[in-house]
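Please work through the exercises below with the sequence and the three-dimensional view side by side. Each task is followed by a solution that goes step by step.

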Amino acid sequence: MEAKLSDFARAWGQCLAGMLAAQKVNGTPDRPIYGIATDGRAWEFGLLLAAEFTRDPQGYALATLDMLGQALHNLFRACRDMALAHSAPAANP
């Protein structure tokens with residue numbers, strides 16, 4: 001996630017650099033890396049998968065809090081599902 005004062009080009013540059021670093025550190029280019037750029041009022045979402053970056057064409061605004069909350073909920077749910085799918089199964093006693 002990257003926050004900038006209404007400079008989304010710079011925010012996405014820094015966010016994407018962080019996303020690429022996370023991808024390399026984890027050694028998993030086949031797993032999606034999610035990113036957010038915001039100035040606190042406007043929010044944009046993106047996805048890095050392998051070498052392809054996709055930015056959601058729809059921006060979200062703090063003024064439409066229900067839509068923004070739903071977008072954040074969907075992102076966190078996707079992260080939770082991915083974490084659960086890749087976690088080691090618990091040993092049975």
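**Exercise 1.** Is Q23 buried or exposed? Determine this, and then describe the surroundings of Q23.

*Solution.* Bear in mind throughout that the model is predicted. Begin by placing the residue: Q23 belongs to helix α1, which covers residues 8-26. Next, take the relative accessible area of Q23, which is 9%; because buried means under 20%, Q23 counts as buried. Then look for the neighbours of Q23, leaving aside residues up to four places away in sequence: Q23 touches T28, P29, I33, L48, L49 and A50. Finally, consider the polar side of these surroundings, where the side chain of Q23 reaches the backbone oxygen of A50 at 2.9 Å.

**Exercise 2.** Find how many aromatic pairs a search of the whole structure gives, and classify the pair formed by F45 and Y60.

*Solution.* The search of the whole structure gives two aromatic pairs. In one of them, F45 and Y60 lie 5.5 Å apart from centre to centre, with 80 degrees between the planes; since an angle over 60 degrees counts as edge-to-face, the pair of F45 and Y60 is edge-to-face. Now locate the two partners along the chain: F45 is in strand β3 (residues 42-49) and Y60 is in strand β5 (residues 60-61), so that, at 15 residues apart, the pair links distant parts of the chain. As a last step, check their accessibility, which shows that both F45 and Y60 are buried.

**Exercise 3.** Describe the largest pocket by its volume, its lining residues and the elements that supply them.

*Solution.* Start with the volume, which is about 160 Å³ for the largest pocket. The lining is made up of Y34, F45, G46, L47, T54, D56, Y60, A71, N74, L75 and A78, and F45 and Y60, the aromatic partners of the previous exercise, are thus among the lining residues. Assign the lining to elements next: β3 and α2 (65-86) each supply at least two residues, and α2 gives the most, with four. To finish, sort the lining by character, which yields seven nonpolar residues, three polar and one charged.

**Exercise 4.** Which accessibility class does L65 fall into, and how far apart are the C-alpha atoms of L65 and L84?

*Solution.* First, note that L65 is found in helix α2. The relative accessible area of L65 is 52%, and because exposed means over 50%, L65 is exposed. For the second part, L65 and L84 are 19 residues apart along the chain, and their C-alpha atoms are separated by 28 Å.

Technical notes: Residues are numbered from 1 along each chain as its sequence is written. This is a predicted model: local features need pLDDT of at least 70, side-chain atom pairs count only at pLDDT 80 or more; totals for chains, interfaces and linings use all residues. Side-chain values use heavy atoms; hydrogens and water are left out. Rings of Phe, Tyr and Trp (its six-membered ring) pair if their centres lie within 6.5 Å; planes under 30 degrees apart count as stacked, over 60 as edge-to-face and the rest as tilted. Buried means under 20% relative accessible area, exposed over 50%, partly exposed in between (1.4 Å probe, protein chains only). A polar contact is a pair of N or O atoms within 3.5 Å; within protein, one must be able to donate a hydrogen and the other to accept it, and residues adjacent in sequence count only if both atoms are side-chain atoms. Contact means heavy atoms within 4.5 Å. On a 1 Å grid over the protein atoms alone, a cavity is a set of points where a 1.4 Å probe fits but cannot get out, and a pocket is an open set with protein on both sides within 12 Å along at least five of seven lines; lining residues have an atom within 4 Å of a point. Grid points are joined across faces, edges and corners, and a volume is the space filled by probe spheres set on the points. Ala, Val, Leu, Ile, Met, Phe, Trp, Tyr, Cys and Pro count as nonpolar, Asp, Glu, Lys and Arg as charged, and the others, Gly among them, as polar.
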